[in-house]
Amino acid sequence: EYPMLASLDYLLIKQKHAGQDIVSDSGPDDDEAVLPQHRPCKRLVDVAVRFGLTLVFFFLGVVMPKVGCVTDLVGAVFMSPMAFVLPGLFHWGATRGKATTVEIIVDMTLIALGTASMILGIVAAPTCFSAPG
């Protein structure tokens, strides 16, 4: 499922990872093996963790002033590289020596746009947080 929640699974119910190679808690004479990721305890832990994370994020949104500024900053810092810089870099690296001039120009344009939007978002963040209201 979610790698982040897998660490909680290990801490709470000692399940190392989900998969077919995990020994089930069912007995040898059971007709159907019950894998640990399907046990009621595991489902309850999953629901509790998801509900708890939702509550934490809800309260952070209520308590935190200027949520829009925070999402703008997070978007500038993380989404610009993911959407523009990394695809351009990966494509450029994968086609090095075989890329056409147009492909290289497109890759460099993606990298430049992503870097510029990241820098502009970071530069604009202090003015957003200091603005009244």
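**Notebook: a four-helix chain**

I started with burial: 20% of the 133 residues in the protein are buried. A reminder to myself that this is a predicted model.

**Overall layout.** I looked up the secondary structure next and found four helices and zero strands. Reading along the sequence, I noted the pattern α-α-α-α.

**Helix α2.** I took this helix as residues 40-63. Its 24 residues should span 34 Å at 1.5 Å a residue, and I found the end C-alpha atoms 34 Å apart, so the two agree. I then listed the buried residues in α2, which are Lys42, Val45, Asp46 and Val49. A charged pair of names in that list caught my eye: Lys42 and Asp46.

**Helix α3.** For the 28 residues of α3 I expected a span of 40 Å at 1.5 Å a residue; the end C-alpha atoms are 38 Å apart, which agrees. Where does α3 bend? I found a bend of about 45 degrees at Pro81. Pro81 is also among the buried residues of α3, together with Cys69, Ala76, Ser80, Val85 and Gly88.

**Helix α4.** This one has 30 residues and reaches 44 Å from its first C-alpha to its last, close to the 44 Å expected at 1.5 Å a residue. I still found a bend in α4, of about 30 degrees at Ala124, with a proline, Pro126, following within four residues. Which residues of α4 are buried? My list reads Asp107, Ile111, Gly114, Gly121 and Ala125.

**How α3 meets α4.** Two packed helices are described by the angle between their axes and the distance between the axes, so I looked up both. Helix α3 (residues 67-94) packs on helix α4 (residues 101-130) at an angle of about 165 degrees, and the axes lie 8 Å apart. Angles over 145 degrees count as roughly antiparallel, so α3 is roughly antiparallel to α4. The crossing of α3 past α4 is left-handed. I also sorted the residues of this contact: 18 are nonpolar, seven polar and two charged.

**A closer look at Ile122.** I picked Ile122, which is found in helix α4. Is Ile122 buried, exposed or partly exposed? Its relative accessible area is 41%, and since buried means under 20% and exposed over 50%, I filed Ile122 as partly exposed. Last, I checked Ile122 against Gly75: they are 47 residues apart along the chain, and their C-alpha atoms are separated by 9.8 Å.

Terms used:
Residues numbered from 1 in each chain as written. Predicted model: local features only at pLDDT ≥ 70, side-chain atom pairs only at ≥ 80, totals over all residues. Heavy atoms only, no water. Axes fitted to C-alpha atoms, helices over the stretch in contact; angles between N-to-C directions. Helix = DSSP H or I, 4+ residues; strand = E, 2+ residues; numbered from the N terminus. Parallel < 35°, antiparallel > 145°, perpendicular 65-115°, else oblique. Left-handed = near helix turned anticlockwise from the far one by under 90°. Expected span 1.5 Å × (residues − 1). Bend = angle between axes of the 7 residues up to and from the residue. Buried < 20%, exposed > 50% of the residue type's maximum accessible area, 1.4 Å probe, protein only.
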